[in-house]
Structures are given as structure tokens and as C-alpha cells.
Amino acid sequence: MTDTTPEAQFDNFFALFEQPVQFDITQHSLDQRLRLLQKYYHPDNVAKDVDNLAKTQQQSEQASALINQGYQTLSAPDSRASYLLDLAGQAQNVEHSIADLEFLEDAMQMRIDLDDAIGDKDMSALQQLHPKITERLAKQSERFNNAYQNQDWQTAIDATQKLKFLVKLDADITIGLDEVATTEHLDDDDLYV
């Protein structure tokens, strides 16, 4: 990462965040670059002596929005995979339905287990389910990475579709863990009333 921030390249998120165009990225480096870009392009940091302050602030706001979009895209494995496929001109079938019935059956069972555990406020079940989802995410991430490197586009698309489902499931389980923990904490407070 450079200490100075030249005019950013907004047409490619990898270039914007000074990351190689590949699936594996360094989150720490991405976070550092985000902070630097946000500081540099923040609307409050535009020069006060420019002739057209309103236009400059608008450009700064647009840059900030693109920076945030780029960060969100590169941070999550599913959106990063989709973006890589888009850059390679191979994203046309990413939004199609998953055709792997075995994966769908397994994923739907995890969804049911997750919904039941959240409904029952069963922290133990959530804690047992979370590593299963994390493991499947890692497997599909590796599968995408290998397929992308080998330009096996059909496998890369299939892995991306599965990543989309698993990332959503992972986010939902994180929310569920937080909700159940908060509920347990509130119940503990009732003991002291």
C-alpha cells in the first residue's frame, strides 16, 4: 500500500484497493486501504477554496459510495467470486438456480436446523451448526479458487452459486447467535430484579 493516494482507479475494485486480481485476498490490507481511501475521498476533506465546491463535494460523495461498494464486493467470498467472473466475462449464469440436488438438500436441512435453533433459542445447536457452515464455505471457496485459476468456468459458476447461499446462511447464523446470546443475557438480568 502506498502512503500517498493518487487518483484512484474506480473502474476496477481490485486496482482501487491495490489487490491482485485473484480470489485470495488479504483482508487486513483491504481494511487498511479502505481507511486510507475513505479519509482521502471523504466529502468533509474536499478543498474549501475550489471554485465549484458543490460539484467537488458531489464527486467526493460518489467516490465514497464506490469505495464502500468496492469494499463490500471484495470482502465477501460470494460477491468477490461473482465480481471475478464478471471481469472474466463469465458471470452470465451466476444468478441461475443451483442444480446440485444433494447440495440443496443439505443446505435446506441446515436452514431448517438454523431456523429451529433460533426459534427454540438453542445456543448449543447454533454453536454446533456454525462450524458446519464455515467448513462448507471454506470448501466452496477453495473449489471456486481452483476452478477460477484453471478457467473451469462452469465449476466456478456452480461454486459461486453455492457460496451465495452459504454466505447468507453464515450471516443468518451469526445474527441468530447474537439474538440468542442477547436473550440469554436479558434472562440473566431478570434474576437480579
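**Exercise 1. Describe the fold pattern and overall burial of the chain.**

Read along the sequence, the pattern is α-α-α-α-α-α-α. The model is a predicted one. Step one is the element count: the protein chain holds 7 helices and 0 strands. Step two is burial: 36% of the 193 residues count as buried. Step three is the surface: the accessible area of the protein chain is about 11,600 Å², and carbon and sulfur atoms hold 48% of that area. Step four is contact order: among contacts with a separation of 6 or more, 68% join residues 24 or more positions apart.

**Exercise 2. Decide how far helix 4 is covered, and place Ser82 in it.**

Start with the element. Helix 4 spans residues 77-87, and 8 of its 11 residues are buried, so that helix 4 is mostly covered. The buried residues are Pro77, Asp78, Arg80, Ala81, Ser82, Tyr83, Leu84 and Leu85.

Next, take Ser82 from that list. The cut-off for buried is under 20% relative accessible area. Ser82 has a relative accessibility of 15%, and therefore counts as buried.

Then look for its partners. With neighbours within four places in sequence set aside, Ser82 is in contact with Ala91, Val94, Thr160 and Lys164.

Last, check what comes after the helix. Gly89 follows helix 4 and has a positive phi, near 70 degrees.

**Exercise 3. Work out which parts of the chain the salt bridges tie together.**

The total is 9 salt bridges. Three of the pairs are worked through below.

*Arg33 and Glu18.* The closest N and O atoms of this salt bridge are 3.5 Å apart. Arg33 is in helix 2 (residues 27-41) and Glu18 is in the loop between helix 1 (13-16) and helix 2, so the pair ties together parts 15 residues apart in sequence. For burial, Arg33 has 3% relative accessibility and counts as buried, whereas Glu18, at 32%, counts as partly exposed.

*Asp100 and Lys162.* Here the closest N and O atoms are 2.7 Å apart. Asp100 sits in the loop between helix 4 and helix 5, while Lys162 belongs to helix 7, so this salt bridge ties together parts that are 62 residues apart in sequence. Asp100 is partly exposed at 28% relative accessibility, and Lys162 is buried at 4%.

*Arg136 and Asp106.* The closest N and O atoms in this salt bridge are 2.6 Å apart. The pair links distant parts of the chain, with Arg136 in helix 6 (residues 123-149) and Asp106 in helix 5, 30 residues apart. Both partners are taken in turn: Arg136 counts as partly exposed at 23% relative accessibility, and Asp106 counts as partly exposed at 27%.

A final step is to ask which residues join Asp100 and Lys162 in a network of salt bridges. They are Arg143 and Asp158.

**Exercise 4. Place Asp172 and list its partners.**

First, the element: Asp172 is in helix 7 (residues 153-190). Second, the cover: its relative accessible area is 16%, and because buried means under 20%, Asp172 is buried.

Third, the partners. Leaving aside neighbours within four places in sequence, Asp172 is in contact with Arg111, Leu114 and Ile118. Fourth, a backbone distance: the C-alpha atoms of Asp172 and Asp115 are separated by 9.2 Å, and these two residues are 57 residues apart along the chain.

**Exercise 5. Locate a patch of negative charge and check one member against the accessibility cut-off.**

The patch on the surface is made of Asp113, Asp116, Asp120 and Asp122. Take Asp113 as the test case. Asp113 is found in helix 5 (residues 101-119). A patch member needs over 30% relative accessible area and no salt bridge. Asp113 has a relative accessible area of 33%, so it counts as partly exposed and passes the area cut-off.

Terms used: Residues are numbered from 1 along each chain as its sequence is written. This is a predicted model: local features need pLDDT of at least 70, side-chain atom pairs count only at pLDDT 80 or more; totals for chains, interfaces and linings use all residues. Side-chain values use heavy atoms; hydrogens and water are left out. Patches are made of residues with over 30% relative accessible area and no salt bridge: like charges are joined within 9 Å, nonpolar side chains (Val, Leu, Ile, Met, Phe, Trp, Tyr) within 5 Å. Accessible areas come from the Shrake-Rupley method with a 1.4 Å probe; for residues, only the protein chains shown count as cover. A salt bridge is a side-chain nitrogen of Lys or Arg within 4 Å of a carboxyl oxygen of Asp or Glu. Lys and Arg count as positive and Asp and Glu as negative; His and the chain ends are not counted. The place of a charge is taken as NZ of Lys, CZ of Arg, CG of Asp or CD of Glu. Helices (H or I, at least four residues) and strands (E, at least two) are DSSP runs, numbered from the N terminus. Buried means under 20% relative accessible area, exposed over 50%, partly exposed in between (1.4 Å probe, protein chains only). Contact means heavy atoms within 4.5 Å.
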